[in-house]
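I opened the model to look up its empty spaces, one helix pair and a handful of single residues. My entries follow in the order in which I looked.

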Amino acid sequence: AIEIFGGNDVTITYKMIHPYHTSKHLEKMKRIGTVPDYHSEYKFDTEFEREIKREVFKIVRRGKEFGTFGWFARCLCYVTLFFSLQYLWVFQGSTFWLAVIYGFSQSLIGLNVQHDANHGAASKNAWINNILGLGADFIGGSKWLWMEQHWTHHSYTNHAEKDPDAFGAEPFMIFNDYPLGDSRRTWMHAFQNFYYIPVLAGYWLSSVFNPEVLDLRQRGALGVGMKMDNDYIAQRRKYAIALRILYIYVNVVCPFQHNDIATALAHISIMAITESLGLAVLFSLSHNFEGCDRDPTKEAREKGEPICWFKSQVETSCTYGGFISGAVTGGLNFQVEHHLFPRMSSAWYPFIAPKVREICKKHGVKYAYYPWIWQNWISTMKYMYAAGTGSNWRDMAKHNPLKGNL
């Protein structure tokens, strides 16, 4: 699926999804040209990267990194629940509690099924990943739009200019901790903690009725410089549009066939809000917390020396909970492990997490871990307040008046 990025520099993305590959693999590929002045802000094959890959691959052997029996069993449960509830929604009519449970089941598909599949991590067989990846379309999104944005996010996590997720909520909310005086921070962001939940509750609406599906050019990825006009994308537009029409009919039109207008709108809204919060709240925890690195390539820009990509993935992410949280969130709670090995099934993250922490500690790499999700959430709320008010910059100025953007 790297073809989706045809026409772009995919150096980082290639190294990210092929952790086993070395320069010998590249030598086997057809060379069509060279870029003599190529420069990257990231570097690979560092001592930290080599050790963490060596030790993790002792736990998860090559070729075994895909979905386990347990993962496919959970996948079957979530898919069965989803289609059973959808059958009731379409043929028996929506109700308040059905809307709640059905919305939650859609978020489970998004977290547990399509996520691993669209990372190429569910199975070594591409066709299985492609089928399960369509789960994104069955919950109101698009697997192709998702990959355009999400893979770009993974390649450039928290990058000040290249991570589309960092700007996805603007101008309503800001995740970046902009310097004081930056025009992107306005007076309303000082109160963003209070409307954080209502904004995230609109995630479903912004996805289902987003016209991006018509041309399959995800605006967040476009906004950070990615090109999305290649043949691979163009050939899949008709499928994306057809799937979106099907979704709208099943989830938006059908409730009106069994209920009056007010009741149908209420049920659709409840379903939409439940799904939105089940997805977006968990997404927001991953890279927005106290002490997270919100500008990992700053040193590369200032000193001209590239930074370790693997180190940046750890210090821009956090992990909470353990196996149970992973079974519910599709491993989204193991965000550090996921960003280090995005093409490894989430089923393996609980097993590699202790070793990842050990190696991070050895190399002085900051690993953020919260035993409970509520602790992560509180940290995220504190960070959101600091980003919205600029309090971190004010504190910096108080401790050292010669530094900081005053």
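**Largest cavity**

I began with the lining of the largest cavity, whose residues divide into five nonpolar, three polar and one charged. For these classes I count Ala, Val, Leu, Ile, Met, Phe, Trp, Tyr, Cys and Pro as nonpolar, Asp, Glu, Lys and Arg as charged, and the others, Gly among them, as polar. The model is a predicted one, in which local features need pLDDT of at least 70 and side-chain atom pairs count only at pLDDT 80 or more, while totals for chains, interfaces and linings use all residues. Residues are numbered from 1 along each chain as its sequence is written, and side-chain values use heavy atoms, with hydrogens and water left out.

The lining residues are Arg74, Phe323, Gly326, Ala327, Gly331, Phe334, Ser346, Ala347 and Pro350. I asked which helix gives the most to this lining. Helix α17 (residues 323-329) does, with three residues. Helices here are DSSP runs of H or I with at least four residues, strands are runs of E with at least two, and both are numbered from the N terminus.

The largest cavity holds about 60 Å³ of space, and the structure has three cavities of 30 Å³ or more. On a 1 Å grid over the protein atoms alone, a cavity is a set of points where a 1.4 Å probe fits but cannot get out; a pocket is an open set with protein on both sides within 12 Å along at least five of seven lines; lining residues have an atom within 4 Å of a point. Grid points are joined across faces, edges and corners, and a volume is the space filled by probe spheres set on the points.

**Largest pocket**

I then turned to the largest pocket, which has a volume of about 1,300 Å³. Of the 49 residues that line it, Gln149, Asp165, Gly168, Tyr203 and Phe283 are the closest to its centre. By class I read 19 nonpolar, 22 polar and eight charged residues in the lining. At least two lining residues come from each of α5, α8 (143-155), α9 (192-200), α10 (203-208), α11 (219-223) and α14 (261-285).

**Helices α4 and α5**

I looked up the pair formed by α4 (residues 69-92) and α5 (residues 96-118), which pack at an angle of about 145° with their axes 9 Å apart. Axes are lines fitted to C-alpha atoms, for helices over the stretch in contact, and angles run from 0 to 180 degrees between N-to-C directions. The residues of α4 that meet α5 include Trp71, Tyr78, Phe82 and Trp89; on the α5 side, Leu98, Tyr102, Ile109 and Asp116 are among them. Contact means heavy atoms within 4.5 Å. By class, this contact has 16 nonpolar, four polar and one charged residues.

**Buried helix residues**

Which residues does Val56 touch, not counting those up to four places away in sequence? I found Phe341, Met344, Ile352 and Val356. Val56 is in helix α3 (residues 47-59) and counts as buried because its relative accessibility is 0%. Buried means under 20% relative accessible area, exposed over 50%, and partly exposed in between (1.4 Å probe, protein chains only). The C-alpha atoms of Val56 and Lys355 are 7.1 Å apart, although these positions lie 299 residues apart in chain numbering.

Thr13, in helix α1 (residues 11-17), is buried at 4% relative accessibility. With residues up to four places away left out, I list Ile2, Trp151 and Ser155 as touching Thr13.

Ala387 is in helix α20 (residues 373-389) and is buried at 0% relative accessibility. On the same sequence cut-off, Ala387 touches Ile174, Phe175, Asn176, Asp177, Arg185 and Gln192. From Ala387 to Val336, 51 residues apart along the chain, the C-alpha separation is 22 Å.

**Backbone notes**

Most residues other than glycine have a negative phi, and most peptide bonds are trans. I noted these exceptions.

Phi of Asp45 is positive, near 60°. Asp45 is in the loop between β1 (42-43) and α3. Is Asp45 buried or exposed? I read it as exposed, with a relative accessible area of 52%.

Asn158 also has a positive phi near 60°, and lies in the loop between α8 and α9. Asn158 is buried, with a relative accessible area of 2%.

Pro171 lies in the loop between α8 and α9. A cis peptide bond joins Glu170 and Pro171, with omega about 10°.
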